[in-house]
Amino acid sequence: MRRVARGLVLLAALLVAAASAAALRDRGPREYHETLYVFGTLVEVVIYGESEADAQAASAELGREFGRLHHAWHAWRPGMLTSLNEAIAAGHSYSVDNELAGLLEQGQALSCASGGLFDPGIGALVGLWGFHADTPPVGPPPSRAEIDRIMDRHPGIADLRIEGRAVSSSNPAVRLDLGAYAKGAALDRAAALLKARGIDSAVLNAGGGVQVLGRHGDRPWRVAIRDPFEWGAVAAVSLAPGEVLHSSGNYERYLEHDGQRLSHILDPRTGYPVRDIVSASVLDRNGARADAAATALSVAGPGLWPVVARRMGIETALLIDASGQVFATPAMAARLEAVAGELPPIRIVELPENRASDDCVLPAAAS
Ligand code: AMP
Ligand code: MG
């Protein structure tokens, strides 16, 4: 039942595209739809303007590629990443493939830019909160003492040493969990794979991440930003070819306790779930960066997110706080389209000046 519900939600992200697709189905170019279940989520694949056979073959290749990455990058099912995590815990070095080494380097750079708010090295905390499972955690949250036991060891992806394919960690408490940017990175690869096959119009939609190739016939692909409070969309955005939109929110996975929804996004500074921001969406041209940034902006919260967006090179972002207030950068505000009726009230937030910084530390005070 839950999968069906999630499928409907994912379909909602394509609602505008789907509506126009219906009109085209009988005439005009062919639109091929397939849903894959990978990365713990449903991935909607839409391929436009290709023969059924070509679209089917491309989609099958995507399925194999997602399956391969799912296996290699999974945070708790045995594969390359769990082998690396075991080696780190034992104080050894482990040889990964070039792809994972590159992803970890990208993770380190993004984590540094985020001031450590996006940190794929906090897998032990994620596991402690019960999010290393296919089903949502039940039962009480972990105790302060359990959280402190991990926090006191200060695990972070910055502790990794990556020399070619050899990865080790100066801190054995590091446990990698790539969940905050793996989907984005996988969509980047999937888009490249479709392009290499000569497909130039497609949408890939994976639980909070949408990536488009080309246009939907003579119009851009139009996707929705989900309403975190109820079924529906807060707004739609038309994506230019090559653009991606990633959303992060407490509606994706959470622990329900005492009537409270505890987000699967944790604040690496405290070890506790994010509270103030219930949804963050980032539009960019790189899936991994957009995905990482959506997570980082959720953690940054109302005061700090503009600083973190600027540091991560993000111009186009929208956040919704727990009271329902919608914030958007000027670049995002200019892109928003009403889905039904009017846009919700939006507070436009200017990003701070771009002050070059090559350290990984955020300014102490939130503005
Ligand atoms: P996302 O839905 O992209 O925001 O990713 C959330 C997932 O990333 C969680 O389910 C965790 O596996 C992991 N995670 C949670 N908090 C963080 C964080 N602050 N930095 C990096 N990864 C995180
Ligand atoms: Mg993310």
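Which residue in β12 is the bridge partner of leucine 255? The partner is leucine 262, and the hairpin around this pair is a good place to start a walk through the model.

This is a predicted model, in which local features need pLDDT of at least 70, side-chain atom pairs count only at pLDDT 80 or more, and totals for chains, interfaces and linings use all residues. Residues are numbered from 1 along each chain as its sequence is written, chains are lettered from A and ligands numbered from 1 in the order in which they are written, and side-chain values use heavy atoms, with hydrogens and water left out.

**The hairpin**

Strand β11 (residues 254–257) and strand β12 (residues 260–263) run antiparallel and are joined by four bridges. Two strands pair if DSSP finds at least two bridges between them. Strands (E, at least two residues) and helices (H or I, at least four) are DSSP runs numbered from the N terminus. Two residues lie between the strands of this hairpin, and aspartate 258 takes a positive phi near 50° there.

**The sheet and its helices**

The chain has 10 helices and 17 strands. Nine strands form an open sheet with mixed pairing, in the order β1-β2-β6-β7-β10-β13-β14-β15-β17. Because β1 (31–38) and β17 (346–348) each have a single partner strand, they stand at the edges, and one side of each is left without a neighbour in the sheet. From one strand to the next, the twist averages 15°.

Within the sheet, β6 pairs with β7 (residues 209–213) in the antiparallel sense over five bridges; asparagine 205 has valine 210 in β7 as its bridge partner. Helix α8 (residues 182–196) packs on the sheet and touches β2 (41–48), β6, β7 and β10 (244–249), with its direction at about 20° to that of β7. Helix α9 (residues 287–311) lies across β7, β10, β13 (277–284), β14 (316–321) and β15 (326–328), and runs at about 135° to β13. Such angles run from 0 to 180 degrees between N-to-C directions, with axes fitted as lines to C-alpha atoms, for helices over the stretch in contact.

**Alanine 202**

Alanine 202 sits in strand β6 (residues 202–206). Its relative accessible area is 0%, so alanine 202 is buried (under 20%; exposed is over 50%, partly exposed in between, with a 1.4 Å probe and protein chains only). Leaving out residues up to four places away in sequence, alanine 202 touches Val46, Ile47, Leu194, Gln211, Val212, Leu213 and Trp221, where contact means heavy atoms within 4.5 Å. Glutamate 31 is 171 residues from alanine 202 in sequence, yet their C-alpha atoms are 9.1 Å apart.

**Around ligand 1**

Of the 17 residues around ligand 1, Asp177, Ser248, His264, Leu266 and Thr295 come nearest; a residue counts if one of its heavy atoms lies within 4 Å. Helix α9 gives the most to this shell, with three residues. The table lists polar contacts, which are pairs of N or O atoms within 3.5 Å.

| Ligand 1 atom | Protein partner | Distance |
|---|---|---|
| nitrogen | leucine 266, polar backbone atom | 2.8 Å |
| oxygen | aspartate 291, side-chain N or O atom | 3.0 Å |
| oxygen | threonine 295, side-chain N or O atom | 2.7 Å |

On its own, ligand 1 has 500 Å² of accessible area, and the protein covers 95% of that (Shrake-Rupley method, 1.4 Å probe).

**The whole chain**

Of the 367 residues of the chain, 53% count as buried.

How values were computed
Polar contact = N/O pair within 3.5 Å; in protein donor to acceptor, adjacent residues only side chain to side chain.
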